[in-house]
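Work through the exercises below with the structure open. Each task is followed by a solution in steps.

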Amino acid sequence: MASASASATAASATEGPKIVWNEKQRRFETEDKEAYIEYVLVNDGKVMDILHTYVPHSKRGLGMASHLCVAAFDHAKSHSMSIIPTCSYVSDTFLPRNPSWNPLVCEDLKSSM
């Protein structure tokens, strides 16, 4: 039984926290609403401008900001949107570490990255 329990723990650790879309407040957030990534839609809703990522001190160092970014980028991809990485975490940390998401970056910004 210990190995089944360990497998379940390992699986949940790789899945990460549950991130929910709060459309009304234009953000993706953890279920407890403590960590979030905020955005605005521009260009008639075709572009998601990610403005700010916030993770409280108690949750830093756990990859939370990255999980929030993945939720936002997945949403943009599934809705055929581009992304403007205004948030410095997204532009300076997340995208360099996860270049597979670069195709979603708004075409007008790619030359400056």
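**Exercise 1. Confidence**

What is the mean pLDDT of the protein, and what percentage of its residues reach 70 or more?

Solution. This is a predicted model, and the mean pLDDT of the protein is 86. Of its residues, 82% reach 70 or more. Next, look at residues 1-13, where the pLDDT is below 50. In the model this stretch has zero contacts beyond near neighbours in sequence.

**Exercise 2. The sheet**

State the strand order of the sheet, name its edge strands, and go through the pairings from β1 to β4.

Solution.

1. The sheet is open, has five strands and follows the order β1-β2-β3-β4-β5 with mixed pairing.
2. β1 (19-22) and β5 are the edge strands, each pairing on one side only. From one strand to the next, the twist averages 30°.
3. β1 and β2 run antiparallel and are joined by four bridges. Within this pairing, Asn-22 has Arg-27 of β2 as its bridge partner.
4. β2 and β3 also pair in the antiparallel sense, over three bridges. Here Arg-27 has Glu-38 of β3 as its bridge partner.
5. β3 and β4 (residues 47-54) run antiparallel, with seven bridges between them. One of the partnerships is that of Ile-37 with Thr-53 in β4.

**Exercise 3. Two hairpins and positive phi values**

How many residues lie between the strands of the β2-β3 hairpin, and how many between those of the β3-β4 hairpin? Then find residues with a positive phi, including one outside these turns.

Solution.

1. In the β2-β3 hairpin, five residues separate the strands. Lys-33 is in this turn, in the loop from β2 (27-30) to β3 (36-42).
2. The phi of Lys-33 is near 65°, which is positive although the residue is not glycine.
3. In the β3-β4 hairpin, four residues separate the strands, and Asn-43 in the turn has a positive phi of about 55°.
4. Ser-80 is located in the loop between α2 (64-78) and β5 (82-84). Its phi is near 50°, again a positive value in a residue other than glycine.

**Exercise 4. Exposure of Lys-33 and Ser-80**

Why does Lys-33 count as partly exposed, and why does Ser-80 count as exposed?

Solution. The cut-off for exposed is over 50% relative accessible area, and partly exposed lies between that and the 20% limit for buried. Lys-33 has a relative accessible area of 47%, so this residue is partly exposed. Ser-80 has 68%, so this residue is exposed.

**Exercise 5. Arg-27 and Glu-29**

Are Arg-27 and Glu-29 buried or exposed, and what do they touch?

Solution.

1. Arg-27 is in strand β2, and Glu-29 lies in this strand as well.
2. Buried means under 20% relative accessible area. Arg-27 counts as buried because its relative accessibility is 12%. Glu-29 counts as buried because its relative accessibility is 1%.
3. Leaving out residues up to four places away in sequence, the contacts of Arg-27 include Val-20, Trp-21 and Asn-22, and also Lys-33, Ile-37 and Glu-38. Asn-22 and Glu-38 are also bridge partners of Arg-27.
4. With neighbours within four places set aside, Glu-29 is in contact with residues including Lys-18, Ile-19, Tyr-36 and Leu-68.
5. The side chains of Glu-29 and Lys-33 make a polar contact at 3.0 Å. This links buried Glu-29 with Lys-33, which is partly exposed.

Notes
Residues numbered from 1 in each chain as written. Predicted model: local features only at pLDDT ≥ 70, side-chain atom pairs only at ≥ 80, totals over all residues. Heavy atoms only, no water. pLDDT = per-residue confidence, 0-100. Contact = heavy atoms within 4.5 Å. Buried < 20%, exposed > 50% of the residue type's maximum accessible area, 1.4 Å probe, protein only. Pairing = 2+ DSSP bridges. Axes fitted to C-alpha atoms, helices over the stretch in contact; angles between N-to-C directions. Polar contact = N/O pair within 3.5 Å; in protein donor to acceptor, adjacent residues only side chain to side chain.
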